[in-house]
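Welcome, and please get your viewer ready for a short walk. At each stop you will hear what to select and what is there.

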Amino acid sequence: MRDADRLDPLYEYLKEVHKQNFPDWRFWQFIVNFERWYGIDPFYMEDDKVIEKMEKFISAMKVHDKFTKKIEKTIDK
């Protein structure tokens, strides 16, 4: 049986990522957006890999946001 204490740091991490980076997203919106970005079903992803993949997701979303804002400025002109 897996150690249940491994969950607390992961949940704390996810909570902070959600609050700091995606506060306007509902919880499941956050999870589904991550899953769609990941591109494959994360069902079998080990808990210790979630943080690694989530860091890449955050970076990708920041790049996406910068691009979107740049496009919006162009459209507004």
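Is Phe34 buried or exposed? Select Phe34 and show a surface: with a relative accessible area of 7%, Phe34 is buried, because anything under 20% falls in that class. Keep in mind along the way that this is a predicted model.

**The whole chain**

Zoom out and switch to a cartoon view. You will find 3 helices and 0 strands, and the order along the sequence reads α-α-α. The protein has 77 residues, and buried ones make up 18% of them. If you draw the contacts with a separation of 6 or more, 54% of them join residues 24 or more positions apart.

**The aromatic pairs**

Now show the side chains of Phe, Tyr and Trp. The structure holds 10 aromatic pairs. Start with Trp25 and Phe57: the ring centres are 6.4 Å apart and the planes stand at 50 degrees, so this pair is tilted. Colour by element to see what the pair connects. Trp25 sits in the loop between helix 1 (7-21) and helix 2 (27-38), while Phe57 belongs to helix 3 (residues 47-76), so parts that are 32 residues apart in sequence are tied together.

How do the two partners fare on the surface view? Trp25 is partly exposed, at a relative accessible area of 22%. Phe57, by contrast, counts as buried at 0% relative accessibility.

Keep Phe57 selected and add Phe34. These two form an edge-to-face pair, 5.5 Å centre to centre with 80 degrees between the planes. Phe34 lies in helix 2 and Phe57 in helix 3, so here the parts tied together are 23 residues apart in sequence.

To finish this stop, select Phe22, Trp25, Phe30, Phe34, Trp37, Tyr38 and Phe57 together; they form one aromatic cluster.

**The largest pocket**

Which residues lie nearest the centre of the largest pocket? Select Leu14, Ile31, Phe34, Pro42 and Val50, which are among the 18 residues of the lining. The space in this pocket is about 450 Å³. Helix 1, helix 2 and helix 3 are the elements that give two or more residues to the lining, and helix 2 provides the largest share, 5 residues. Try colouring the lining by residue class: 13 are nonpolar, 5 are charged and none is polar.

**Along helix 2**

Stay with helix 2 and place a distance between its end C-alpha atoms. They are 17 Å apart, and the 12 residues of this helix should span 16 Å at 1.5 Å a residue, so the two values agree. Just after helix 2, click on Gly39, where phi is positive at about 90 degrees.

**His18 and its surroundings**

Next, select His18, which you will find in helix 1. Its relative accessible area is 14%, so His18 is buried. Show its contacts, leaving aside neighbours within four places in sequence: Pro23, Trp25, Arg26, Phe27 and Phe30 come up. Two of the names may be familiar, as Trp25 and Phe30 belong to the aromatic cluster.

**A last stop in helix 3**

Where is Ala60 placed? Select Ala60 and you will land in helix 3. At 25% relative accessibility, Ala60 counts as partly exposed. Add Trp37 and join the two C-alpha atoms: Ala60 and Trp37 are 8.8 Å apart in space and 23 residues apart in sequence. Trp37 also brings you back to the aromatic cluster, where Phe34, the starting point of this walk, is found too.

Notes:
Residues are numbered from 1 along each chain as its sequence is written. This is a predicted model: local features need pLDDT of at least 70, side-chain atom pairs count only at pLDDT 80 or more; totals for chains, interfaces and linings use all residues. Side-chain values use heavy atoms; hydrogens and water are left out. Rings of Phe, Tyr and Trp (its six-membered ring) pair if their centres lie within 6.5 Å; planes under 30 degrees apart count as stacked, over 60 as edge-to-face and the rest as tilted. Helices (H or I, at least four residues) and strands (E, at least two) are DSSP runs, numbered from the N terminus. Buried means under 20% relative accessible area, exposed over 50%, partly exposed in between (1.4 Å probe, protein chains only). On a 1 Å grid over the protein atoms alone, a cavity is a set of points where a 1.4 Å probe fits but cannot get out, and a pocket is an open set with protein on both sides within 12 Å along at least five of seven lines; lining residues have an atom within 4 Å of a point. Grid points are joined across faces, edges and corners, and a volume is the space filled by probe spheres set on the points. Ala, Val, Leu, Ile, Met, Phe, Trp, Tyr, Cys and Pro count as nonpolar, Asp, Glu, Lys and Arg as charged, and the others, Gly among them, as polar. The expected span of a helix is 1.5 Å times one less than its number of residues. Contact means heavy atoms within 4.5 Å.
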